[in-house]
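Me: I would like to go through this chain step by step, with each answer reasoned out before the value or name is given.

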Amino acid sequence: PFAGNDYIKRTDTIINESKTMEKIINYISRGQGLGIKFLLLFSLIVAVFYAVGTKFAGDQFFVPAAQKAADAFLPIRIENGIVTEPENTVKNYTFVLGEGKVPDAESFNLTMDTTVDSLDTSGLKEGLYLTKRALYVVQRTQTRVYELEDSSYFPQGDYTDTFHSVVNWAVVFVGLFGFVAFFILYFIVVIFYATCSYIVSAIFRKQYDFDLRMRLSTLAFIATNVVFTVLGWFGFSSNLIFLLAVLALQALVIKELPGKQAQAAQ
């Protein structure tokens, strides 16, 4: 009896998989549109994933590191565009995200030198540099100099609430901007794969309109992306194999799809 139950379960599984495949084939061959709704949904899921990651990393790593930096540098007083507190002081601090918690944690150099008005930026490492009269933002590709203006005072204290607020705004930005950016990127990529499908369909001597190719490529791209995301957690990544995997999925479906003339006859 137990063997019989196992056989029934396997049969049910095969039937369910067959029905799922049939639904996919029907959507691709008889559906409407370009698969935009699936791309929108997938883009939203990816954007939410990144937003949640930003929230976690921000609260766990950025806020504590930022508070340590504030404790190291504050108080700072600026009067009429000149740092008057602390005077004639040199401080260096390495801002590390996830210090002691994350392997190869990102680091950023912070330096205050109120003994000079300006700096020679050649040879400076990436970071923020504050002199008596200016703030230097040094990046890999460029250096920006912001002359200090007006007067302000930054006392020493607990700024964790402010830093948490910065993280929350970053989450909103990542979520909204990411959703739009991912959708545009994925849409362009799917157009590329839809164009590649002409080669795949030519092998099977079948012809389809572009809308069908877009629906096919959208589902193939999303399915491959999900699989490669999981593989990426284990350190596997290959753009070439990703491309071949999408084309292989296209071929698998095209093999089951009726040609253009067969569709018209149905």
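The turns below go from the overall make-up of the chain to its loops, single residues and helix packing.

Me: What kind of model is this, and how are residues numbered?
Reply: Side-chain values use heavy atoms, with hydrogens and water left out, and residues are numbered from 1 along each chain as its sequence is written. Local features need pLDDT of at least 70 and side-chain atom pairs count only at pLDDT 80 or more, while totals for chains, interfaces and linings use all residues, for this is a predicted model.

Me: How many helices and strands does the secondary structure of the chain come to?
Reply: Helices (H or I, at least four residues) and strands (E, at least two) are DSSP runs, numbered from the N terminus. From that end the elements run α-α-β-β-β-β-β-β-β-β-α-α-α-α. The totals come to six helices and eight strands.

Me: What percentage of the contacts with a separation of 6 or more is between residues 24 or more positions apart?
Reply: A contact here means heavy atoms within 4.5 Å. Among the contacts in the chain with a separation of 6 or more, the share of residues 24 or more positions apart is 62%.

Me: Which residue does the cis peptide bond from leucine 74 lead to?
Reply: The bond has an omega of about 10°. The residue that it joins to leucine 74 has its place in the loop between helix 2 (36–73) and strand 1 (76–79). That residue is proline 75.

Me: In the loop between strand 2 and strand 3, which residue has a positive phi although it is not a glycine?
Reply: This loop also holds proline 86, and the peptide bond that reaches proline 86 from glutamate 85 is cis, with omega near 0°. The residue asked for has a phi of about 45° and, at 59% relative accessibility, counts as exposed (over 50% relative accessible area, with buried under 20% and partly exposed in between, for a 1.4 Å probe and protein chains only). Its place is in the loop between strand 2 and strand 3, and the residue is asparagine 88.

Me: Is threonine 89 buried or exposed?
Reply: Threonine 89 lies in the loop between strand 2 (82–85) and strand 3 (90–96), and its side chain reaches the backbone oxygen of glutamate 87 at 2.7 Å. Leaving aside neighbours within four places in sequence, threonine 89 is in contact with Met112, Asp113, Thr114 and Thr115. With a relative accessible area of 18%, threonine 89 is buried.

Me: How is asparagine 80 classed by its relative accessibility?
Reply: Asparagine 80 has its place in the loop between strand 1 and strand 2, and it has a positive phi of about 50° although it is not a glycine. At 67% relative accessibility, asparagine 80 counts as exposed.

Me: Which residues does glutamate 147 contact, leaving aside its neighbours within four places in sequence?
Reply: Glutamate 147 lies in strand 7 (residues 143–147) and counts as exposed, at 54% relative accessibility. The C-alpha atoms of glutamate 147 and leucine 135 are 6.4 Å apart, although the two are twelve residues apart in sequence. With those neighbours left aside, glutamate 147 is in contact with Arg133 and Ala134.

Me: What distance separates the C-alpha atoms of valine 174 and tyrosine 50?
Reply: Valine 174 lies in helix 3 and is partly exposed, with a relative accessible area of 24%. Not counting residues up to four places away in sequence, valine 174 touches Tyr50, Ala51, Thr54 and Phe179. Along the chain valine 174 and tyrosine 50 are 124 residues apart, and their C-alpha atoms are separated by 7.1 Å.

Me: At roughly what angle do the axes of helix 3 and helix 4 cross?
Reply: Axes are lines fitted to C-alpha atoms, for helices over the stretch in contact, and angles run from 0 to 180 degrees between N-to-C directions. The axes of helix 3 (residues 160–203) and helix 4 (residues 210–232) come within 8 Å and cross at roughly 110°.

Me: How many polar residues does the contact of helix 4 with helix 5 have?
Reply: Leu216, Ser217, Ala220, Phe221, Ala223, Thr224, Asn225 and Phe228 in helix 4 meet Ile241, Phe242, Ala245, Val246, Leu249, Gln250, Val253 and Ile254 in helix 5. Ala, Val, Leu, Ile, Met, Phe, Trp, Tyr, Cys and Pro count as nonpolar, Asp, Glu, Lys and Arg as charged, and the others, Gly among them, as polar. By class, the contact has twelve nonpolar and no charged residues, and the number of polar residues is four.

Conventions
A polar contact is a pair of N or O atoms within 3.5 Å; within protein, one must be able to donate a hydrogen and the other to accept it, and residues adjacent in sequence count only if both atoms are side-chain atoms.
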